[in-house]
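Here are a few friendly notes to read alongside the model. I have kept them as numbered points so you can follow each one on screen.

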Amino acid sequence: MTRDGILNAQLLSAIAHCGHTQTLVICDAGLPLPPGVPVIDLALVRGVPTFLEALKAVAGQLVVESYCYAQEMPQANPGVLSQMQDILQGLPSTQTPHEEFKRLTQTANAILRTGECSSYANVILTAGVNF
């Protein structure tokens with residue numbers, strides 16, 4: 001058992017297995033899940049857990065170098081985007097069209113699926129190093 005933070009063993013393993021420049025996706029309940037990429041499905045019911053709850057937990061454990069989100073997010077979901085940027089403050093980010101975002105998820109180390117049911121609440125986190 002860990003002292004604090006993430007308790008989900010599958011998620012902790014996925015974080016520990018992310019090497020420099022490898023990616024971990026945190027997504028809403030509706031993002032298509034590509035075949036062959038491990039999925040850690042935390043979705044319980046609509047809205048539980050939220051995208052932002054999952055992001056806060058992961059950002060507290062994973063060394064994040066940068067992040068990517070869909071270019072549709074600023075218009076479709078500005079509130080979640082603003083809070084996501086607060087959580088990942090100071091890190092470089094990129095935007096990509098949602099279709100390209102979905103293609104990028106195909107090479108992720110793992111996908112963390114939440115119960116979030118708001119538009120474009122998805123992020124690709126690129127792992128950094130702790131030295």
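**Notes on the strands, a helix and a loop**

1. A good place to begin is Cys-68, which sits opposite Ile-124 of strand β6. Please keep in mind throughout that this is a predicted model. Cys-68 belongs to β3, the strand of residues 64-70, and β3 runs antiparallel to β6 (residues 123-127), with four bridges joining the two. Another pair to look for in this ladder is Val-64, whose bridge partner in β6 is Ala-127.

2. β3 has a second partner to look at. It pairs with β4 (residues 93-96) over four bridges, this time in the parallel sense. To find your way in that pairing, start from Tyr-69, which has Gln-95 of β4 as its bridge partner. How many of the seven residues of β3 are buried? Six are, so the strand is largely enclosed by the rest of the structure.

3. Back to β6, where five of five residues are buried and the strand is mostly covered. Val-123, Leu-125 and Ala-127 point one way from the strand, while Ile-124 and Thr-126 point the other way, and all of these are buried. β6 is also joined to β1, again antiparallel and through four bridges. Within β6, Thr-126 stands opposite Thr-23.

4. Next, helix α1 (residues 9-16), where Leu-11, Ala-14 and Ile-15 are buried. Viewed down the helix axis, the buried residues of α1 fall within an arc of 100°, so they line one face. Ala-9 and Ala-16, on the other side of α1, are exposed. What covers the buried residues of α1? The cover includes strands β1 (23-27), β2 (39-41) and β5 (110-113), together with helix α2 (51-59).

5. The start of α1 deserves a look as well. Asn-8 caps the N-terminal end of the helix, with a side-chain oxygen 3.0 Å from the backbone nitrogen of Gln-10.

6. Finally, a loop residue: Asn-77 lies between α3 (73-76) and α4 (78-87). Is Asn-77 buried or exposed? Its relative accessibility is 8%, and buried means under 20%, so Asn-77 counts as buried. The side chain of Asn-77 makes a polar contact of 2.9 Å with the side chain of Ser-118. Setting aside neighbours within four places in sequence, Asn-77 is in contact with Ser-118, Ser-119 and Ala-121.

How values were computed:
Residues are numbered from 1 along each chain as its sequence is written. This is a predicted model: local features need pLDDT of at least 70, side-chain atom pairs count only at pLDDT 80 or more; totals for chains, interfaces and linings use all residues. Side-chain values use heavy atoms; hydrogens and water are left out. Buried means under 20% relative accessible area, exposed over 50%, partly exposed in between (1.4 Å probe, protein chains only). Two strands pair if DSSP finds at least two bridges between them. A polar contact is a pair of N or O atoms within 3.5 Å; within protein, one must be able to donate a hydrogen and the other to accept it, and residues adjacent in sequence count only if both atoms are side-chain atoms. Contact means heavy atoms within 4.5 Å. The arc is that of the directions from the helix axis to the C-beta atoms.
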